[in-house]
Amino acid sequence: MVSSVTNLGRSGVFDWMIQRVTAYVLALYTIFLFGFMLTSDVNYETWSALFDQTWFRIFTLLALLSIGAHAWVGLWTVTTDYIKATLPRFLVQALCGLTMFVYVVWGIQILWGL
């Protein structure tokens with residue numbers, strides 16, 4: 001059995017589960033934000049008050065981690081399907097992984113003010 005060290009899950013089923021769970025988290029986050037924007041007078045004060053609440057920061061952090069995991073599994077699948085040569089595929093995957101890592105760390109810095 002061939003195992004890959006660059007996929008996120010231990011198997012295809014685990015990667016599929018990551019995709020589905022993160023998709024639900026991102027859908028809930030998007031629906032909440034749309035609902036908030038439609039039902040509230042969105043200005044700096046209301047937006048700041050929303051992000052000052054710990055539960056929403058945790059929800060946002062969950063969405064941020066979900067988008068990173070979701071993107072990684074999707075990009076890993078696409079690159080393994082379409083880039084057959086090992087070195088170019090590794091370089092593209094490394095660049096994608098580094099970019100996602102930077103965005104997640106940057107998002108955490110913005111979210112928690114670190």
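Which residues make a nonpolar surface patch of about 770 Å²? The legends below start there and then visit other parts of this predicted model.

**View 1. A nonpolar patch on the surface.** Here is the reply to the opening question: L98, F101, V102, Y103, V105, W106 and I110 together form the patch, with an area of about 770 Å². L98 is a good residue to start from, and it sits in helix α4, which covers residues 86-112. Its relative accessibility is 52%, so L98 counts as exposed.

**View 2. H70, a position marked in the UniProt record.** An unreviewed UniProt entry gives H70 the feature "binding site". You will find H70 in helix α3, made of residues 54-82. Is H70 buried, partly exposed or exposed? With 26% relative accessibility, H70 counts as partly exposed. Look next at what surrounds H70: once neighbours within four places in sequence are set aside, its contacts are Q19, T22, A23 and L26. With T22 there is also a polar contact, side chain to side chain, at 2.8 Å.

**View 3. S66, also in helix α3.** Staying with helix α3, we come to S66. S66 is buried because its relative accessibility is 5%, and a residue counts as buried when that value is under 20%. Leaving out neighbours within four places in sequence, S66 is in contact with T22, V25 and L26. Two of these names may look familiar, since T22 and L26 are also among the contacts of H70.

**View 4. Y82, another position from the record.** The unreviewed UniProt entry lists Y82 under "binding site" as well. Y82 belongs to helix α3, and residue 82 is where that helix ends. Y82 is exposed, as its relative accessible area is 69%.

**View 5. T60 and its contacts.** T60 is another residue of helix α3. Its relative accessible area is 12%, so T60 is buried. Which residues does T60 contact, leaving aside its neighbours within four places in sequence? They are Y29, F51 and L111. Of these, L111 falls within the residue range of helix α4, while Y29 falls within that of helix α1.

**View 6. The salt bridge between D52 and R57.** How many salt bridges does the structure hold? There is one, and its partners are D52 and R57, whose closest N and O atoms are 4.0 Å apart. Side chains of opposite charge can pair when their charged atoms come close. The partners can be described by their accessibility too: D52 is exposed, with a relative accessible area of 51%, whereas R57 is partly exposed, at 22%.

**View 7. T39 and G35 in helix α1.** T39 lies in helix α1, which spans residues 12-39. With a relative accessible area of 68%, T39 is exposed. From T39, follow the side chain to the backbone oxygen of G35, which it reaches at 2.7 Å. G35 is part of helix α1 too, and its 28% relative accessibility makes it partly exposed. For a wider view, find G113, which is 78 residues from G35 along the chain; the C-alpha atoms of G35 and G113 are separated by 26 Å.

**View 8. F36 and the residues it touches.** F36 has its place in helix α1. Is F36 buried or exposed? Its relative accessible area is 14%, so F36 is buried. Not counting residues up to four places away in sequence, F36 touches V42, T46, W47 and L50. One of these, W47, is 11 residues from F36 along the chain, and the C-alpha atoms of F36 and W47 are separated by 9.5 Å.

**View 9. Segments recorded as transmembrane.** In an unreviewed entry, UniProt places the feature "transmembrane region" at residues 21-38, 58-78 and 90-112. In the model, residues 58-78 are 100% helix and 0% strand, and their end C-alpha atoms lie 30 Å apart. Residues 90-112 are likewise 100% helix and 0% strand, with end C-alpha atoms 32 Å apart.

Key
Residues are numbered from 1 along each chain as its sequence is written. This is a predicted model: local features need pLDDT of at least 70, side-chain atom pairs count only at pLDDT 80 or more; totals for chains, interfaces and linings use all residues. Side-chain values use heavy atoms; hydrogens and water are left out. Patches are made of residues with over 30% relative accessible area and no salt bridge: like charges are joined within 9 Å, nonpolar side chains (Val, Leu, Ile, Met, Phe, Trp, Tyr) within 5 Å. Accessible areas come from the Shrake-Rupley method with a 1.4 Å probe; for residues, only the protein chains shown count as cover. A salt bridge is a side-chain nitrogen of Lys or Arg within 4 Å of a carboxyl oxygen of Asp or Glu. Helices (H or I, at least four residues) and strands (E, at least two) are DSSP runs, numbered from the N terminus. Buried means under 20% relative accessible area, exposed over 50%, partly exposed in between (1.4 Å probe, protein chains only). UniProt positions are given in the numbering used here, feature names are shortened, and annotations may be inferred rather than shown by experiment. Contact means heavy atoms within 4.5 Å. A polar contact is a pair of N or O atoms within 3.5 Å; within protein, one must be able to donate a hydrogen and the other to accept it, and residues adjacent in sequence count only if both atoms are side-chain atoms.
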